[in-house]
Amino acid sequence: MLKRDEWLPLARKLDWDYSYVSEKDVFPEVASGRPWLPHKEWKNWDEPYRTSYTEYVVNQHAKDASVYAVRDAVGRLSDFQRLASPWLNALKLHAAALPLAEFAATVGNLRAGRFGRDSAWRTMATFGALDELRHTQIPLMVMHELVRWDPQFDWTHKFYHSDDWVAIAARHFFDELLTAADAIELAVGTNFVFETGFTNLQFVGLSALADQVGDHMFEKMVTSIQTDEARHAQIGQAVLENVIKHDRKYAQYLLDKWFWRSWLLFAIVTGFSMDYFTPLEKRSCSFKEFMEEWIVDQYLRSLQELGMEKPWYWDTFLESLELYHHMVYISAYTYRSTVWFNFVVPSPEERAWLRDRYPKHWDQIDAAWDRVIDRWRASKPGDEASVHGQAMVTFCDLCQLVLCGGTPSRNTATTLDYGGRKYIFCSEPCLWIFGREPERYSGHKELVKRVLSAEAPAALPELLTRYFRLTPETWGKDAYGGDYPWLQRPAAGEIG
Amino acid sequence: MPIPLYGFLEGDTILLLILADEQDTVRSLGERLQEAAAIRVARREDLQVVYRNRVLDPELTVREAGLEPLERFDVLGKKEG
């Protein structure tokens, strides 16, 4: 009987020389990625987990049993009903963004499971595909129970099937990163940048907060997912090292592109959750502090170890760390009916906390909150329409997110003429990514251009219901209907 | 035919889309952006419309000022001096 270490190479290193077809036909660049290298350049590919299928099945079975046990103990409807109202919106945001993106990751991993350039890589990617199926199914299962209580949880499944502006942006991101990426870009963009670089935000930061707020089901779900991610994320560095060796400039481009794109996504999903949806008394640090400790330092260290440069836009990134998610949050608050979760106005204590954590620009954001609060003060509780924007908001032609780059003094949106069409970008890095691969991006229409070409309705009620697929019941509202204990309204007779 | 323009009002957190008429004045364009952003930005009187780094004469029409569809204009506070 062979020992494990003797047997594993037999099971994982299965490549052979082709005689009836060329290697390039078996692994075309369009699916395998570039730089295209003969297999001899990949034959030493390895990663530290070196899992066998038997081990995989045994481990996954134990993990699933553990998730089911936690669900039975603390994942029932009544457990969620006890959670703080703002936190439930962090849950709705994640519940929608997560599961079907994980399913797109299944597709991406299956492509790598076929077109990855070494059989050990393909084996790991196949396990990765099975992992991602699990990450699709667990949140769908957990959230399904909640739909009968709160229809906004129905967006766990519905989100990616809608043309809500956030769904357009998320699809644009995940389709490129996962569904359409070749095996090399998937490994660098997903396994290295997204999973190694960013998901600590979810798996360390947010799961700790979930524990603090008493959401033990969410905590268990993400920590269980994390154990899978930690394994298949190892594909990234092993691929990246070889890309760096043969085409350093391209490696740097992939790193810089996916760091920026991932940053924008996490700034919204995690930034909202940490700095606005977590009750103040449960916050241990701000989103920015968490980013600095868990993402910025670690990512720079990883780049240094690989001999790579930090992204050229690093100063822009550090500046956006101060402000971007705050700019998006208050903008989205004033257009909350366009999404499937509710928002809260930060209380005076929360604003003081945010000022303390974000001293550089908070004053400018705070002035906008003063305006929103004045509107609520002049309106009756529940009068959502009086505290809601009416003009059409605008979107970036690259990331598809709202044009909230820069600061309230200087918005960084930039226009571009390309191929007889006008484009607009929220930031220099988004413009730069578009400019590197214009043929990849130029055919896609952001929401404003869909409205202008009559593909989407211009009137807000029709846009929300016919295009975004929201209903009065599910569209976002103020979680408290503007009825905050700290918001002093004038006496009834004084309201105009 | 309305001209779609991206407008940024100083103090705001987002760019907004304004559908302007060729015959609208630059002044009324600035006013409309202020109105559209009023939920987040307090009204100011000392504002000017800037397009391609040029301060526009408020009495010009959108057409005379040369504003092109899907371009950005800014409504900014007047600088001292």
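## Core packing and salt bridges

With a relative accessibility of 15%, A:Lys422 counts as buried in this structure, because the cut-off for buried is under 20%. Please keep in mind as you read that this is a predicted model. Below is a friendly tour of a salt bridge between chains, two salt bridges within chain A, a salt-bridge network and the nonpolar core.

**Across the chains**

- A:Lys422 pairs with B:Glu68 through a side-chain salt bridge, at 3.7 Å from N to O.
- This contact runs between chains: A:Lys422 sits in strand β3 (residues 421-425) of chain A, and B:Glu68 lies in the loop between α2 (62-65) and β5 (72-77) of chain B.
- B:Glu68 has a relative accessible area of 33%, so this residue is partly exposed, whereas its partner A:Lys422 is buried at 15%.

**Within chain A**

- A:Arg71 and A:Glu145 join their side chains in a salt bridge of 3.7 Å, again from N to O.
- The two belong to distant parts of the chain, 74 residues apart, with A:Arg71 in helix α4 (residues 53-74) and A:Glu145 in helix α8 (residues 119-147) of chain A.
- Both A:Arg71 and A:Glu145 are buried.
- A:Lys257 and A:Glu437 make a further salt bridge, in which the closest N and O atoms are 2.9 Å apart.
- Here, too, distant parts of the chain are linked: A:Lys257 comes from helix α15 of chain A and A:Glu437 from the loop between α20 (428-436) and α21 (438-441), 180 residues apart.
- A:Lys257 is buried because its relative accessible area is 0%, and A:Glu437 counts as buried at 15%.

**The wider salt-bridge picture**

- Over all chains, the structure holds 56 salt bridges.
- At B:Glu68, as noted, the relative accessible area is 33%.
- One network, joined by salt bridges that share partners, takes in A:Arg4, A:Asp5, A:Arg12, A:Asp46, A:Glu47, A:Arg50 and A:Glu55.

**The nonpolar core**

- The largest nonpolar core has 188 residues, and the members that touch the most others are A:Trp121 and A:Trp263.
- Helix α15 (residues 248-277) of chain A gives this core its largest share, 19 residues.
- Leaving aside residues up to four places away in sequence, A:Trp121 touches two tryptophans, A:Trp42 and A:Trp45, along with A:Ala112, A:Gly116, A:Ala183, A:Ile184, A:Ala187, A:Ile235 and A:Val239.
- Helix α15 therefore appears in two of these topics, since the buried A:Lys257 belongs to this helix and the helix also supplies 19 core residues.

Conventions:
Residues numbered from 1 in each chain as written. Chains lettered and ligands numbered in written order. Predicted model: local features only at pLDDT ≥ 70, side-chain atom pairs only at ≥ 80, totals over all residues. Heavy atoms only, no water. Core = buried A, V, L, I, M, F, W, Y, C linked by side-chain atoms within 4.5 Å. Buried < 20%, exposed > 50% of the residue type's maximum accessible area, 1.4 Å probe, protein only. Helix = DSSP H or I, 4+ residues; strand = E, 2+ residues; numbered from the N terminus. Contact = heavy atoms within 4.5 Å. Salt bridge = Lys/Arg side-chain N within 4 Å of Asp/Glu carboxyl O.
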